[in-house]
Amino acid sequence: MFRTFSSEEERREFGGSYFIELQYCRWKPGTEIERIISVDAIENWKDDSLYIYGDDDNKFISHYGNIFTGGVYNNGKSGVVDIYGINYYSQELTELILEQVKGMKLFNDPILLGWLETAKKYNGFYILGL
């Protein structure tokens, strides 16, 4: 379900822009949340992002929806993952999510685990919806 691409061209050839993107948050710790969740702060299609093909959105939600909660939306509210919008997960939430995925017996996907381990080096991460 989780995919990486070495270039934007490779991603386009696979599925165009029909992806949910998990992207590292490159803002420095301490940056105001309003800036982090601003639409203007987002640059899509990073080569080091993790992608979920749009047709796998229901599968993602059924397997991981109860884990990827608490992200901050563009409007400043938080809750369950919004697969159509911006979701920001802090460093603290990144740690919690990583531990929860590690504890999953059936769905602790090694690609996701490795990506989340790397996310600890950043100011959390985003899930950017379809």
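Glu-10 is partly exposed, with a relative accessible area of 32%. It sits in helix H1, which covers residues 8–15. The model is predicted. Its sheet is open, has seven strands and pairs in the antiparallel sense. The count of salt bridges comes to seven. The points below take charge, sheet, salt bridges, nonpolar surface and distances in turn.

**Negative charge on the surface**

- Glu-10 belongs to a patch of negative charge on the surface.
- The other members of this patch are Glu-9, Glu-13 and Asp-47.
- Glu-10 can join a patch because its relative accessible area is 32%, and the cut-off for patch members is over 30%.

**The sheet**

- Strands of a sheet pair through backbone hydrogen bonds, and the pairing is either parallel or antiparallel.
- Here the strand order is E1-E3-E2-E7-E6-E4-E5, with antiparallel pairing.
- Strand E1 (2–3) and E5 stand at the edges. Each has a single partner strand, so one side of each has no neighbour in the sheet.
- Strand E4 spans residues 69–73 and strand E5 spans residues 78–80. These two strands pair in the antiparallel sense over three bridges.
- Gly-71 has Gly-79 in E5 as its bridge partner.
- The hairpin of E4 and E5 has four residues between the strands. In this hairpin, Gly-76 takes a positive phi near 90°.
- E4 also pairs with strand E6 (residues 86–89), in the antiparallel sense and over two bridges.
- Val-72 stands opposite Tyr-88 in E6.

**Salt bridges**

- Side chains of opposite charge can pair when their charged atoms come close.
- Which residue forms a salt bridge with Glu-8? The partner is Arg-11, and the closest N and O atoms are 3.3 Å apart.
- Both Glu-8 and Arg-11 lie in helix H1. They are three residues apart, about one turn of the helix.
- Is Arg-11 buried or exposed? Arg-11 counts as buried because its relative accessibility is 3%, and buried means under 20%.
- Glu-8, by contrast, is partly exposed, with a relative accessible area of 30%.
- Glu-43 forms a salt bridge with Lys-46. The closest N and O atoms of this pair are 3.3 Å apart.
- Glu-43 counts as exposed because its relative accessible area is 53%, and exposed means over 50%.
- Lys-46 is partly exposed, with a relative accessible area of 24%.
- Glu-117 forms a salt bridge with Lys-120, and the closest N and O atoms are 3.0 Å apart.
- Glu-117 counts as partly exposed at 30% relative accessibility. Lys-120 counts as partly exposed at 35%.
- Salt bridges that share partners join Glu-117 and Lys-120 with Glu-99 and Lys-102 into one network.

**A nonpolar patch on the surface**

- Which residues form a nonpolar patch on the surface? They are Tyr-18, Tyr-84 and Leu-130.
- Together these residues have about 310 Å² of accessible area.
- Tyr-18 lies in the loop between H1 and strand E2 (19–24).
- Tyr-18 is partly exposed, with a relative accessible area of 37%.

**Distances along the chain and in space**

- Trp-45 has its place in the loop between helix H2 (33–36) and strand E3 (50–53).
- Trp-45 is partly exposed, with a relative accessible area of 23%.
- Trp-45 and Met-104 are 59 residues apart along the chain. Their C-alpha atoms are separated by 28 Å.
- Thr-118 has its place in helix H5, residues 110–119.
- Thr-118 is partly exposed, with a relative accessible area of 28%.
- How many residues apart in sequence are Thr-118 and Tyr-24? They are 94 residues apart in sequence, and 8.7 Å apart in space, C-alpha to C-alpha.

Terms used
Residues numbered from 1 in each chain as written. Predicted model: local features only at pLDDT ≥ 70, side-chain atom pairs only at ≥ 80, totals over all residues. Heavy atoms only, no water. Patch = residues over 30% accessible without salt bridge, like charges linked within 9 Å, V, L, I, M, F, W, Y side chains within 5 Å. Areas by Shrake-Rupley, 256 points an atom, 1.4 Å probe, with all protein chains shown as cover. Salt bridge = Lys/Arg side-chain N within 4 Å of Asp/Glu carboxyl O. Lys, Arg positive; Asp, Glu negative; His and termini not counted. Charge placed at Lys NZ, Arg CZ, Asp CG, Glu CD. Buried < 20%, exposed > 50% of the residue type's maximum accessible area, 1.4 Å probe, protein only. Pairing = 2+ DSSP bridges.
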